[in-house]
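Reader: Hey, got a minute to walk me through this one? I'd like to start with the charged side chains.

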Amino acid sequence: MTAPVAPRPGSPLAQARERRQVLTPEGMPISFELASVGDRAGALILDLVIMIVALIVLAVLASLALGGRFASDSWLKPLIVVALFLIQNFYFAFFELRWQGWTPGKRIVGIRVIDARGGPLEPSAILARNLLRELELWMPLRFILGGRTLWPDAPGWAWL
């Protein structure tokens, strides 16, 4: 059995994977180029950097409001936890709703989210898409980055 051969870049088969054609209600075909995995990953990384910077700025400002100290008995830790929750759960939905499918990272990269007809997503689709982000992105990241904190007695095979 032979392995499948990837299409040559620029071939009709490769172009069919990179573009989608949508027929408007008026019968006019509109063609869209699909974002590559690299573009999507780049936009996500930019958005994550923006989220982290926003959280750090908020923590520094709150720390300065406390007199420049980060004491364990202060209200700064709960504030950061609440801010992290809000940023993590509403950043993507907020920008995709307000900017018609763009987040700052997607705008920088030059991609956006559209529906099957080529138009902007409806709010219900954006919210459903972002509710699934918890399972697709945040939960795996917690397990990968949390390490021994989340599962201290894990056997060696579990880390693979």
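**Charged pairs and a surface patch**

Author: Sure. Arg133 counts as buried, at 12% relative accessibility (buried means under 20% relative accessible area, exposed over 50%, partly exposed in between, with a 1.4 Å probe and protein chains only). Salt bridges that share partners join Arg133 with Glu96, Lys106 and Arg129 into one network; a salt bridge is a side-chain nitrogen of Lys or Arg within 4 Å of a carboxyl oxygen of Asp or Glu.

Reader: Wait, what kind of model is this?

Author: It's a predicted model: local features need pLDDT of at least 70, side-chain atom pairs count only at pLDDT 80 or more, and totals for chains, interfaces and linings use all residues. Residues are numbered from 1 along each chain as its sequence is written, and side-chain values use heavy atoms, with hydrogens and water left out.

Reader: OK, how many salt bridges by that rule?

Author: Three. Lys106 and Glu96 meet at 2.5 Å, N to O. Lys106 sits in helix α4 (residues 104-109) and Glu96 in helix α3 (residues 76-98), so this pair ties together parts ten residues apart in sequence. Helices are DSSP runs (H or I, at least four residues), numbered from the N terminus.

Reader: And how far apart are the closest N and O atoms of Glu96 and Arg133?

Author: They're 3.9 Å apart.

Reader: New topic: is Ile45 buried or exposed?

Author: Exposed, with a relative accessible area of 53%. Ile45 is in helix α2 (residues 37-65).

Notes
Helices (H or I, at least four residues) and strands (E, at least two) are DSSP runs, numbered from the N terminus.
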